[in-house]
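Visitor: I'm new here and I'd like to know how you arrive at the words you use. Could you show me around and let me ask?

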Amino acid sequence: MSYDVIIIGAGPGGIFSAYELRRLAPELKLLILEAGHPLDRRRCPIDGKKIKSCIGCTPCSIMNGFGGAGAFSDGKYNITNEFGGTLHELIGKQRALELMRYVDDINLSHGGAGTKLYSTANTRLKKECLSHGLHLLDASVRHLGTDINYVVLENLYNELAEQVEFRFHTTVNTVEKLEGGYRVTAGGESFVAPRCIISAGRSGSKWMQGVCKALHIATKSNRVDIGVRVELPYEVFSHLTDELYESKIVYRTEKYGDLVRTFCMNPRGAVVTENTNGIVTVNGHSYEDPARQTENTNFALLVAKHFSEPFKDSNGYGESIARLSNMLGGGVIVQRFGDLIQGRRSNPERMRDCFTVPTLHATPGDLSLVIPKRILDGIIEMLYALDKIAPGTATIDTLLYGVEVKFYNMEVALDAQLQTCHEGLFVIGDCSGITHSLSHASASGIHVARYIAGREA
Ligand SMILES: Cc1cc2nc3c(=O)[nH]c(=O)nc-3n(C[C@H](O)[C@H](O)[C@H](O)COP(=O)(O)OP(=O)(O)OC[C@H]3O[C@@H](n4cnc5c(N)ncnc54)[C@H](O)[C@@H]3O)c2cc1C
């Protein structure tokens with residue numbers, strides 16, 4: 001079975017590379033191989049009643065399938081080089097922004113019209129943050145919301161399916177270099193093409209490591225972000241979220257000089273679990289549809305851990321911490337901030353007294369038994385700093401869910417076309433280690449597609 005381009009993974013990276021290839025070079029025969037389900041068959045069984053926590057489905061409908069890890073996300077497309085990836089380091093800042101804006105246009109023309117674009121430009125909140133040692137990063141944020149994000153994906157799929165061959169439930173095992181191309185094997189089948197784009201995302205990170213090893217592609221890995229998801233009443237952060245929706249705030253701790261940052265803010269959202277290779281961590285999302293909104297806002301507070309030689313397994317370190325919380329709590333642990341400060345665990349009785357009603361069913365426990373002291377101290381310090389710009393943050397009933405781990409895929413050595421040392425083999429999106437977001441992953445797909453279509457060098 002031979003094609004012009006084989007794309008591995010139907011997340012944002014894979015989808016947008018197919019979209020642009022189909023637009024610029026409709027004569028090319030494209031194949032997308034995807035381990036998960038088509039969009040309409042993706043269902044996470046957690047319903048909060050019969051099934052309350054992750055039961056480890058294979059494939060996981062949250063992480064795999066058409067739309068990738070982003071399918072049930074909040075659909076926040078951050079148009080910025082300040083966070084979400086380091087794509088700009090390879091392709092240039094202007095180019096990266098231009099591609100992110102182009103992705104935004106595509107989303108708008110496929111069902112996203114009418115959604116709001118928030119911006120930090122000219123906000124007085126920046127000054128207020130600075131007066132308390134908090135740094136608000138510049139960004140424009142298109143918030144599609146989980147429901148509109150789904151509609152956009154549905155429309156993109158319907159359009160792509162007319163010209164692109166999709167194979168779902170097809171987990172690629174190997175990518176082999178041939179004379180003038182690549183052989184990709186999945187189950188008992190094999191497919192060949194002169195060009196192959198790998199966009200396997202975070203869930204494909206371990207597999208990607210194996211591909212790099214087999215094909216002698218250089219990689220490096222030294223970072224993991226560890227922290228908690230904070231949940232509090234919507235009103236506490238409403239002055240920030242109403243104006244900016246997502247505010248990325250960075251704080252340097254006085255105690256250790258570590259950087260703690262807010263991440264993935266979900267006004268009126270829900271806390272959710274995430275299963276990465278069998279390890280249950282916490283995340284969050286929110287809906288545009290008012291009927292599905294909650295009384296709470298959630299966001300992560302993360303501390304970046306960079307390791308130096310000889311330690312190389314930064315993700316392994318993050319996994320061990322997440323495993324510890326899974327061991328103690330059977331999944332995610334929740335603790336009231338007040339209990340943490342008083343040095344006691346949260347238990348079902350204390351949770352019953354809690355004014356903030358949790359949106360995720362998690363096991364009440366003690367996060368100080370799980371999260372390293374230095375990281376936890378940083379999180380506590382930042383909660384007090386945030387309390388100055390959003391009074392009500394550092395109160396007894398603020399909920400902390402743990403652990404939230406942001407795994408960084410190892411960074412694959414790529415050139416400015418996102419091509420590996422092997423001609424015709426491209427690695428894009430989160431599995432390249434250079435993107436960690438919807439907009440950057442999507443932009444990387446467009447970048448490679450234009451190069452393959454011969455439109456840009
Ligand atoms: C709950 C949640 C909420 C999020 N919210 C946001 C947000 O609001 N804004 C934001 O910017 N980012 C968000 N993210 C991150 C964002 O979803 C990712 O950065 C983005 O999806 C990366 O796109 P990708 O194409 O690189 O990879 P993915 O979206 O992970 O897609 C990779 C695809 O490859 C498939 N695959 C993996 N291995 C193989 C294989 N061997 N063979 C075949 N197929 C394979 C997977 O099944 C998957 O579908 C969120 C993530 C989660 C989990």
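Guide: Sure, let's begin with a sheet: eight strands make it up, in the order 5-14-15-18-13-21-19-20, and it is open with mixed pairing. Bear in mind that this is a predicted model, where local features need pLDDT of at least 70 and side-chain atom pairs count only at pLDDT 80 or more, while totals for chains, interfaces and linings use all residues. Residues are numbered from 1 along each chain as its sequence is written.

Visitor: What makes strand 5 and strand 20 edge strands?

Guide: Strand 5 (134-136) and strand 20 (363-364) each have a single partner strand, so one side of each has no neighbour in the sheet. A strand here is a DSSP run of E with at least two residues, a helix is a run of H or I with at least four, and both are numbered from the N terminus.

Visitor: How do you know that strand 19 and strand 20 pair?

Guide: Two strands pair if DSSP finds at least two bridges between them. Strand 19 (residues 333-336) and strand 20 have two bridges, in the parallel sense, so they pair by that rule. Val334 stands opposite Pro364 in strand 20.

Visitor: Why do you say the buried residues of helix 6 are on the same side?

Guide: Buried means 20 or more other C-beta atoms within 10 Å of a residue's own, exposed means 12 or fewer, and partly exposed lies in between, with C-beta atoms placed from the backbone. In helix 6 (residues 205-214), the buried ones are Ser205, Trp207, Met208, Val211 and Cys212. They cover an arc of only 150° around the axis, so they sit on the same side of helix 6. That arc is taken from the directions from the helix axis to the C-beta atoms. Lys213 and Ala214, on the other side of helix 6, are exposed.

Visitor: What makes the buried residues of helix 7 line one face?

Guide: In helix 7 (residues 234-244), Val236, Phe237, Leu240, Thr241 and Leu244 are buried. Seen down the axis, they fall within an arc of 95°, so they line one face of the helix. The face turned away from that buried side carries the exposed Glu235 and Asp242.

Visitor: And which residues are closest to the ligand?

Guide: Gly9, Gly11, Gly68, Gly201 and Gly429 are the closest of the 44 residues around the ligand. A residue counts as near if its C-beta atom, placed from the backbone, lies within 6 Å.
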